[in-house]
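Trainee: Please take me through one helix in close detail. Then show me how the rest fits around that part.

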Amino acid sequence: MTLSADVELSQIPFWGLPQAERMAAFRRLRQVDRPVFVPEQVVPFIKGGPGYYALVRHADVTEASRNAAVFSSEPCSNSIPDMPRWLAVYFGSMINMDDPRHARLRRIVSRAFTPRILSKMEEDLATAAAEIVDQAIKEGPGDFVAQIAARLPVRVICDMMGIPPKFHDMVLRRTNVILGNTDPEYTGLGVDFSRVNVARGLAKLLHAGFSLNRLAARLGDERRRNPTGDLVSLLVNGDERLTSQELGSFFILLVVAGSETTRNAIAYGLKLLTDHPDQRELLLSDFDGRVTKACDEIIRYSTPVIQFRRTVTQDHEMNGMQYRKGDKVLLFYNSANRDEAVFTDPDAFDITRDPNPHVGFGGPGPHYCLGAHLARREMTVMFRELFTRLPGIRAVGEPDFLLSNFINGVKHLKYAY
């Protein structure tokens, strides 16, 4: 079945519609008896394909996620068209690989997320959150994203990697370009896919990838010569180690995926808890007892990462649908997280929701987010700091959303306290 004319998932203007309208469109798609086929957006300089099947139900997303042998992350999962080599050199990280290459890299980089490493970070997280709030109080209320939400995850990840503070703002700016590559504020592209605009946008994207890759690669070279026992030293030394290229790609993945998910969850969290004062009161009446479920509900409701792509490796039937070798499918996590077959009253924001089998950190299987626990800890620490120090903090007005079919991002959010 092809896509109905009023749901243009591949067209950027669809992703500029109000979120309620988009979620209503996905609700209609979930009611169709099988996944719809979506023609691809034509993009100059990028070789595209005929289109993809939109997996919008929780059952389809989770089953495809588990079955990596059939629903492959290769040649790429973070781009609907196949990623050209000149982009893959920077963005071709382990999320675009299957086993055994994926297993090798995941085994190495999992050193960044051991209980010992995360435990050592607890005090650093609290210190960072306190200093960020100190600075926000000094500046006065303005843009919650720029002053607070975006600061903590970038600082945490840069500190993990040993990136000096003088580079933190640069890392944040480059991250905005990479994930905002279809937003006119960051690349000037927007809905105009003319050759001139696409060329400019791709140039900015390449520059951002090159800058971050080089920053990490240089640090890796230093740690090979003079190991210090920090995370990068662990990643580039030993029997299993990352090459300079692999380290650069991993850093881009870490800072982009790690910072973006948490930053948007924190921003959405303030907005949701402002719009639902009963849920805010419930959280603050027993913060330690309810904050974990609250974080998961914020992730479910906002779903910062909208979708990832998979490519079918062989003819395969799933839930009554026949797929052919070479077919593309998109796993729409935002839709799966509102599936009426799984979640009672899915459009309600309920911090006591239990169970909450959301796929906001990816579906089950080999590509489930390594940093899920860290993201929850960052959210917990920041919300504790905010509601303790600024008990009256609240969002003001509506967020300025990122124009993207990949990241459900908040660019700007006014706040007061």
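**A close look at helix α8**

Mentor: Start with length. Helix α8 covers residues 168–179, and its 12 residues should span 16 Å at 1.5 Å a residue; the end C-alpha atoms lie 17 Å apart, which agrees. Keep in mind that this is a predicted model.

Now check burial. Of the 12 residues in α8, 10 are buried, so the rest of the structure largely encloses this helix. The cut-off for buried is under 20% relative accessible area. The buried set in α8 opens with His168. Met170, Val171 and Leu172 belong to it, as do Arg174, Thr175, Asn176, Val177, Ile178 and Leu179.

What do the buried residues of α8 pack against? They pack against four helices: α3, α7, α9 (195–225) and α11. Take three of these in turn.

**Towards α7**

Helix α7 spans residues 151–161 and holds arginine 155. Is arginine 155 buried or partly exposed? Its relative accessibility is 23%, so arginine 155 counts as partly exposed. Leaving aside residues up to four places away in sequence, arginine 155 touches Ala128, Glu131 and His168. The last of these, His168, is a buried residue of α8. The contact with glutamate 131 has a polar part: the two side chains make a polar contact at 2.7 Å. Compare sequence with space, too. Arginine 155 and aspartate 169 are 14 residues apart in the chain, and their C-alpha atoms are 9.3 Å apart.

Cysteine 158 deserves a check for disulfides. Its relative accessible area is 0%, so cysteine 158 is buried. A disulfide needs two cysteine sulfur atoms within 2.5 Å. By that rule, the count of disulfides is zero. Cysteine 158 is in no disulfide, and the nearest cysteine sulfur, in cysteine 369, is 17 Å away. Why is there no bond at cysteine 76? Its sulfur is 19 Å from the closest cysteine sulfur, again that of cysteine 369, which is too far for a bond. Cysteine 76 is buried as well, because its relative accessibility is 1%.

**Towards α11 and α3**

Helix α11 runs over residues 244–275. With 32 residues, α11 reaches 46 Å from first C-alpha to last, close to the 46 Å expected at 1.5 Å a residue. Like α8, α11 is mostly covered: 25 of its 32 residues are buried.

Helix α3 comprises residues 85–91. Past α3, a loop leads to α4 (101–109), and serine 93 sits in that loop. Serine 93 is buried, because its relative accessibility is 6%. Which residues does serine 93 touch, not counting those up to four places away in sequence? The answer is Ser249 and Leu253. Both numbers fall within the range of α11, 244–275.

**The sheet**

Now turn to the strands. Five of them form an open sheet in the order β1-β2-β7-β4-β3, with mixed pairing. β1 (37–39) and β3 (71–72) stand at the edges with a single partner strand each, so one side of each has no neighbour in the sheet. Helix α2 (residues 58–66) packs on this sheet. It touches β2 (51–55), β3 and β7, and its direction makes about 120° with that of β7.

Walk through the pairs. β1 and β2 are antiparallel, over three bridges. One bridge pair here is phenylalanine 37 with tyrosine 53 of β2. β2 runs parallel to β7, and three bridges join the two. Across that pairing, leucine 55 stands opposite leucine 331 of β7. As for cover, five of the five residues of β2 are buried. β7 (residues 328–332) also pairs with β4 (residues 307–312), antiparallel, through five bridges. There, arginine 309 has leucine 330 of β7 as its bridge partner.

**One last residue**

Finish at alanine 372, in helix α15 (residues 372–389). Its relative accessibility is 3%, so alanine 372 counts as buried. Alanine 372 and serine 119 are 253 residues apart in sequence, yet their C-alpha atoms are 14 Å apart in space.

Back to α8 to close. This helix is largely enclosed, with 10 of 12 residues buried, and its buried residues pack against α3, α7, α9 and α11.

Terms used:
Residues numbered from 1 in each chain as written. Predicted model: local features only at pLDDT ≥ 70, side-chain atom pairs only at ≥ 80, totals over all residues. Heavy atoms only, no water. Buried < 20%, exposed > 50% of the residue type's maximum accessible area, 1.4 Å probe, protein only. Contact = heavy atoms within 4.5 Å. Pairing = 2+ DSSP bridges. Axes fitted to C-alpha atoms, helices over the stretch in contact; angles between N-to-C directions. Expected span 1.5 Å × (residues − 1). Polar contact = N/O pair within 3.5 Å; in protein donor to acceptor, adjacent residues only side chain to side chain.
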